[in-house]
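Hi,

Here is the structure I promised to pass on. Have a look at it first, and then read my notes below.

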Amino acid sequence: MIQVHRLRKKPLCELNNEDLRLLIGQQMNLDFLLPLALEQLIQNPFGSGDLYIGDLFCSILKVEKEYWKEHKELKNELDEVIRTYEEARKTLEEHISKYRSDHL
């Protein structure tokens with residue numbers, strides 16, 4: 001909680017993925033933080049904070065559905081991140097499968 005309180009005073013432009021993950025996980029200031037986080041994830045859906053690869057994405061996916069109902073534009077951005085992730089996952093799975101079949 002101390003870290004969250006400290007982050008509330010940090011300028012938005014200085015927040016990193018871990019900061020965003022923590023604050024979004026607390027459902028704080030979503031109107032300001034989600035656009036920043038989604039912008040990061042559109043470029044790299046595997047972007048992460050300090051826990052694990054994709055932890056920022058997971059934090060956003062835990063935002064309550066009522067929020068998304070009231071913020072359709074942000075929901076559309078989240079849907080774009082999901083599509084980007086799914087395309088990347090499909091491509092990686094194809095390459096991994098080929099690699100495994102070539103190296104058995």
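Start with how α3 passes α6: the crossing is left-handed. Bear in mind that this is a predicted model. Helix α3 covers residues 30–43 and helix α6 covers residues 72–102, and their axes come within 9 Å and cross at roughly 25°. Angles under 35 degrees count as roughly parallel, so α3 is roughly parallel to α6.

Which residues make the contact? On the α3 side they are L34, P35, L38, L41 and I42. From α6 come L74, E77, L78, V81 and T84. By type, the residues of this contact split into 8 nonpolar, 1 polar and 1 charged.

E77 deserves a second look. This residue of α6 has a relative accessibility of 24%, so it counts as partly exposed. If you set aside neighbours within four places in sequence, E77 is in contact with L38 and I42, and both of those belong to the α3 side of the contact. You can also find Q43 from here: E77 and Q43 are 34 residues apart in sequence, and their C-alpha atoms are 12 Å apart in space.

Now for the core. In soluble globular proteins, nonpolar side chains tend to be buried together. Here the largest nonpolar core has 22 residues, and the ones that touch the most other members are L20, I24, L34, I60, V63, Y67 and W68. Which elements give two or more residues to this core? They are α2 (17–25), α3, α4 (55–61), α5 (65–70) and α6. The largest share comes from α3, with 6 residues.

I60 is a good place to click if you want to see some of those contacts. Not counting residues up to four places away in sequence, I60 touches I24, L34, A37, L38, L41, W68 and L78. Among them, L34, L38 and L41 on α3 and L78 on α6 also take part in the contact of those two helices.

One last residue on α3 is L36. Is L36 buried or partly exposed? Its relative accessible area is 28%, so L36 is partly exposed. Leaving out neighbours within four places in sequence, L36 is in contact with L12 and L20. L12 is 24 residues away from L36 in sequence, with 8.5 Å between their C-alpha atoms. As for L20, that residue came up above as one of the core members with the most contacts to other members.

Cheers

How values were computed: Residues numbered from 1 in each chain as written. Predicted model: local features only at pLDDT ≥ 70, side-chain atom pairs only at ≥ 80, totals over all residues. Heavy atoms only, no water. Axes fitted to C-alpha atoms, helices over the stretch in contact; angles between N-to-C directions. Helix = DSSP H or I, 4+ residues; strand = E, 2+ residues; numbered from the N terminus. Parallel < 35°, antiparallel > 145°, perpendicular 65-115°, else oblique. Left-handed = near helix turned anticlockwise from the far one by under 90°. Contact = heavy atoms within 4.5 Å. Nonpolar A, V, L, I, M, F, W, Y, C, P; charged D, E, K, R; others polar. Core = buried A, V, L, I, M, F, W, Y, C linked by side-chain atoms within 4.5 Å. Buried < 20%, exposed > 50% of the residue type's maximum accessible area, 1.4 Å probe, protein only.
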